[in-house]
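This report goes through the ligand site and then the strand pairing of the structure shown below.

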Amino acid sequence: MCGIVGYIGSRPVLPVLLDGLSRLEYRGYDSAGVAFMQGDRIRICKKKGRLAQLEQALSEADLGDMPIRAGIGHTRWATHGAPSDENSHPHLSANGRVAVVHNGIIENYIELKRYLCAQGCCFHSETDTEVVAHLVDLHYARDCAGDLMAAVRQTLAELEGSYALGVLCADDPDRFIAARKDSPLVIGLGEDGHFIASDIPALLGQTRRVLIMEDREIAVIEKNQVRLFDALGRPVCREPLEVQWDSAAAEKNGFEHFMMKEIFEEPRAVRDTLTRHIRRGTLELPAIDWPRALRQVCIVACGTAYHAGMVAKTVIEQLCRVPVVVDIASEFRYHDPILDEETMVIIISQSGETLDTLAAMREARRRGGHILAVVNVVGSSIAREADTVLYTAAGPEIAVASTKAYSTQLAAMYLVAFDLARRLNRMSDNQVREQIESLLALPAMLDAVLASQDEIQRFAASHFNAHSIFFMGRGLDYALAMEASLKLKEISYIHSEAYPGGELKHGTIALIEPGTLVVCPLTQPALVDKMISNIREVKARGALILGILTPSCQRAADVCDAVFMLPDVPARLAPVVAVTPTQLLAYYMSLNKGLDVDKPRNLAKSVTVE
Ligand code: AGP
């Protein structure tokens, strides 16, 4: 989704902006642009397409010798108006005095546009953002006697919706303004200047000292100082955060794609997530405020994180005998969910900034739920607003397709399930200790899966032309199948569906024809005989079966056309290990089709609009 960068300081401004934008590419975008202060005017360059097109345009522009003092930049993921040069950010006020980059949606932009047109403003784009540039300029000249900060504050008071903003003003060349509401924005504190960016990885090439902006805060960014204010204009004092991730963590390190690098990081990421919360064989979680009379658990998330929640539902219900509902965050607010103070709400999010999930979390709090968030990004909005946070230790995940984040979300949710089972006396200390030992064996099993990745590579090489691929499983294997199917469609663009083994025959089996590939995770010995029957049903219609098997389900190998053997993982923990071959399958399908693995079409990494 859209990304923002900004810099003021003594380094060459354009390379800093372009470096930041390139680190934001992973969020997904369709155009990019920069605005910068040169002499006493703002210059602007923006292009539809990839960053390379913007770089090309800048290299062809006559930039003269005058130093560039400050700049803001943007990658746009179109919402209002098609991808085009005109709709790209930054947007300028009519007289060129004010330039704005924006992430989020200005919901009342039509009324504001009508008002501004009546004031004589001419619009050059179809975006919601352009109103901000005109409004700031109008207030600057008409109402605020040339006080940029006051003009921005007056503008923000008129905006409805969400925003992260960078505002540059030609009359005020020694600073720029940043502001946020419901869209992430961080400030980077450097040795020779200061930065803003939509997320921490974008800053890693420059600094690891960051200030995370809170909702409705405004910051004045100057070369030698950063001043932060709350919505009422009162100064805010905040200690900077020292980010632990280093710049290499957000680079490819010799891998062709971030996705592959991140799949190969799964053993490390799972190990770090577990060891962060385990001390000498016992659980050491942040104090989770489980309701005294726990009536239900409600897990809320989107996409891959939702699928991690599906696995957790089965595990918690089996171990704790407490009902668990799993809700898609974008639906949660609109179906009048039944929550009260006896409900534990668990929010799962890699980025901690997914707007649907954030909004659902706020609604859950309003309804009295206790909130535990399982989040990867330290200091993200969800992490800051939850009652308790359990951090995963995936490190920065750059590829749009989530891989190591899912594995670590599972690892974290097992810990939560064991913690609850212990509290409810459903498991003894010894049983928890045994489970922890099994968890700690997972990284080595992941290493073993990765050592056989060429088997998946070969399989993908002969099936990447498939039109449609089904995933079929029962119990935890069905939850896993949902994630496997999502991964395949999002990066290979192959139509795919995930079904419980017994459900296909109620309609969807009509789509199975000779040669249709059906991928079956088979890790649940208690369900394997039923799955063998379901496999026979689709094979009778000509389907080709790839089985992803644990040794305890070995007897299903006879009905499979191809088999990937997993290590001997306990059934309950199998999703952590069984997901990896399905991620590799999606990766190699996409690679064979010559697609952009890390930045699939239409998708954004961090979905910060509803
Ligand atoms: C999956 O590969 C996607 N990246 C997507 O489904 C993602 O999991 C979803 O948008 C939720 O993101 P979050 O974990 O950052 O909240």
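The ligand sits in the largest pocket of this predicted model. A shell of 14 residues surrounds the ligand, and the closest are Ser349, Gln350, Ser351, Thr354 and Glu490. Two helices, α8 (303-320) and α16 (476-492), each supply at least two residues of that shell.

Which side chains place a polar atom 2.4 Å or 2.9 Å from an oxygen atom of the ligand? The table lists three such pairs.

| Residue | Side-chain atom | Ligand atom | Distance |
|---|---|---|---|
| Threonine 354 | N or O atom | oxygen atom | 2.4 Å |
| Glutamate 490 | polar atom | oxygen atom | 2.4 Å |
| Lysine 487 | polar atom | oxygen atom | 2.9 Å |

Threonine 354 and glutamate 490 are also among the closest residues of the shell. Taken alone, the ligand exposes 410 Å², of which the protein buries 91%.

The strand pairing is taken next. Strands of a sheet pair through backbone hydrogen bonds, in a parallel or an antiparallel sense.

One group of strands centres on β8 (residues 175-181) in this description. How many of the 7 residues of β8 are buried? The count is 6, so with buried meaning under 20% relative accessible area, strand β8 is mostly covered. Strand β7 (residues 163-169) runs antiparallel to β8, and 6 bridges join the two. These strands, β7 and β8, form a hairpin with 5 residues between them. Strand β12 (residues 218-222) also pairs with β8, again in the antiparallel sense, over 5 bridges.

Isoleucine 177 appears in both pairings. In the β7 pairing, isoleucine 177 of β8 is the bridge partner of valine 167. In the β12 pairing, the bridge partner of isoleucine 177 is valine 220.

A further set of strands forms an open sheet. The sheet has 8 strands with antiparallel pairing, in the order β3-β2-β4-β1-β10-β9-β11-β15. Which strands lie at the edge of the sheet? They are β3 (41-48) and β15 (241-242), each of which pairs on one side only.

Within this order, β2 stands between β3 and β4. Strand β2 (residues 31-38) is joined to strand β4 (residues 68-76) by 8 bridges, and the two run antiparallel. One of the residue pairs in this ladder is valine 34 with its bridge partner in β4, glycine 73.

Definitions and conventions: Residues numbered from 1 in each chain as written. Predicted model: local features only at pLDDT ≥ 70, side-chain atom pairs only at ≥ 80, totals over all residues. Heavy atoms only, no water. Buried < 20%, exposed > 50% of the residue type's maximum accessible area, 1.4 Å probe, protein only. Helix = DSSP H or I, 4+ residues; strand = E, 2+ residues; numbered from the N terminus. Pairing = 2+ DSSP bridges. Near = heavy atom within 4 Å. Polar contact = N/O pair within 3.5 Å; in protein donor to acceptor, adjacent residues only side chain to side chain. Areas by Shrake-Rupley, 256 points an atom, 1.4 Å probe, with all protein chains shown as cover. 1 Å grid on protein atoms, 1.4 Å probe; cavity = no way out; pocket = protein on both sides within 12 Å on 5 of 7 lines; lining within 4 Å. Sits in = over half its atoms within 2 Å of the grid points.
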